Amino acid sequence: MLQHVLIGDVAPALMIVALRGPLLVFFLPAPVLVRVARARPFFSALLRPRTAFGLWAANLAVWHVPWLYDQADRHDALHYFEHACWVAAGLVVWTLLVDPGSHRRLSVGGRIAFAAAMFAAGQALTDVLVFAHPLYGPVYTGKLDQQLAGVVMMVEQLVTLGVLAYFLLRPRLHPRVATA
């Protein structure tokens with residue numbers, strides 16, 4: 001679980017924060033930039049808040065279906081695909097949350113609400129992991145392992161989304177004093 005929350009939340013958040021504005025142009029090779037520019041309608045649709053949240057939540061739900069989770073644990077190719085899905089979904093939602101290009105698809109309040117919705121969806125899964133009988137085959141050796149996975153997921157969400165909320169709300173919490 002720790003691996004999945006790191007590649008699905010922490011890594012995309014840090015990548016989006018690190019590659020803001022003009023840095024992104026210098027980071028991507030010219031042929032990739034041309035393809036991205038041509039696919040702008042696709043990315044615009046993907047970055048609509050409802051679409052992005054739906055994609056992220058569906059990814060979260062699908063990869064925690066016990067049968068699929070166990071299959072991904074047994075088959076490397078499926079596990080790599082799972083990781084790619086985590087990264088892609090993470091990049092989409094963190095692009096909206098951080099807004100590196102200052103597109104203002106969401107206001108500060110909208111970004112806080114979006115983060116709260118992500119937290120609520122994650123907590124629904126966390127509750128299942130913590131309170132349900134063991135759901136996953138050989139991945140977790142018992143109820144305690146599954147509960148620990150749920151706690152790890154909850155703590156990671158509290159930290160990453162909490163840090164985001166702090167930085168979004170910081171200007172309102174500590175307004176600068178006007179000097180005459």
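The chain of this predicted model contains nine helices and zero strands. Read along the sequence, its pattern is therefore written with a single symbol throughout, α-α-α-α-α-α-α-α-α. Taken along the principal axes, the C-alpha atoms fill a box of roughly 65 × 45 × 25 Å.

Helix packing is a good place to begin a tour of this fold. Two packed helices are described by the angle between their axes and the distance between the axes. For helix α5 (residues 49-62) and helix α8 (residues 108-131), the axes come within 11 Å of each other and cross at roughly 20°. Because angles under 35 degrees count as roughly parallel, α5 and α8 are described as roughly parallel to each other. Their crossing is right-handed. On the α5 side, the contact is made by Pro49, Ala52, Phe53, Trp56 and Leu60; α8 contributes Phe114, Ala117, Met118, Ala121, Gly122 and Leu125. Sorted by class, this contact of α5 with α8 holds 10 nonpolar residues, one polar residue and no charged residues.

Helix α8 also packs against α7 (76-98). Here the axes come within 9 Å and cross at roughly 145°, and α7 passes α8 in a left-handed crossing. Val93, Leu96, Leu97 and Val98 of α7 make the contact with Arg111, Phe114, Ala115 and Met118 of α8. The class count for α7 with α8 is seven nonpolar, no polar and one charged. Two residues of α8, Phe114 and Met118, appear both in the contact with α5 and in the contact with α7.

A further pair brings together α1 (2-18) and α9 (143-173). The axes of α1 and α9 come within 10 Å and cross at roughly 25°, which makes α1 roughly parallel to α9. The crossing of α1 past α9 is right-handed. In α1, Leu2, Val5, Asp9 and Val10 meet a set from α9 made up of Val152, Met153, Glu156, Gln157 and Thr160. By class, the contact of α1 with α9 has five nonpolar, two polar and two charged residues.

Attention now turns to the empty space between these helices. Rolling a probe the size of a water molecule over the atoms shows where empty space is left. How many cavities of 30 Å³ or more does a search of the whole structure find? The search finds one, and about 140 Å³ of space lies in the largest cavity. Its lining consists of 14 residues, with Val5, Asp9, Trp56, Leu60 and Trp86 nearest the centre. The elements that each give two or more residues to this lining are α1, α5, α7 and α9, and α1 gives the most, with four residues. By class, the lining of the largest cavity divides into seven nonpolar, five polar and two charged residues. Several of the residues nearest the cavity centre have been met above: Val5 and Asp9 belong to the contact of α1 with α9, while Trp56 and Leu60 belong to the contact of α5 with α8.

Pockets complete the description. The second largest pocket has a volume of about 350 Å³ and is lined by 15 residues. Which residues lie nearest the centre of the second largest pocket? They are Val17, Trp94, Val98, Val163 and Leu164. Two or more residues of the lining come from each of α1, α7 and α9, and α9 supplies the largest share, six residues. The lining of the second largest pocket divides into 12 nonpolar residues, one polar residue and two charged residues. Val98, one of the residues nearest the centre of this pocket, is also among the α7 residues in contact with α8. Helices α1, α7 and α9 thus recur, giving two or more residues to the lining of the largest cavity and to that of the second largest pocket.

Terms used. Residues numbered from 1 in each chain as written. Predicted model: local features only at pLDDT ≥ 70, side-chain atom pairs only at ≥ 80, totals over all residues. Heavy atoms only, no water. Axes fitted to C-alpha atoms, helices over the stretch in contact; angles between N-to-C directions. Parallel < 35°, antiparallel > 145°, perpendicular 65-115°, else oblique. Left-handed = near helix turned anticlockwise from the far one by under 90°. Contact = heavy atoms within 4.5 Å. Nonpolar A, V, L, I, M, F, W, Y, C, P; charged D, E, K, R; others polar. 1 Å grid on protein atoms, 1.4 Å probe; cavity = no way out; pocket = protein on both sides within 12 Å on 5 of 7 lines; lining within 4 Å. Points joined across faces, edges and corners; volume = space filled by probe spheres on them.
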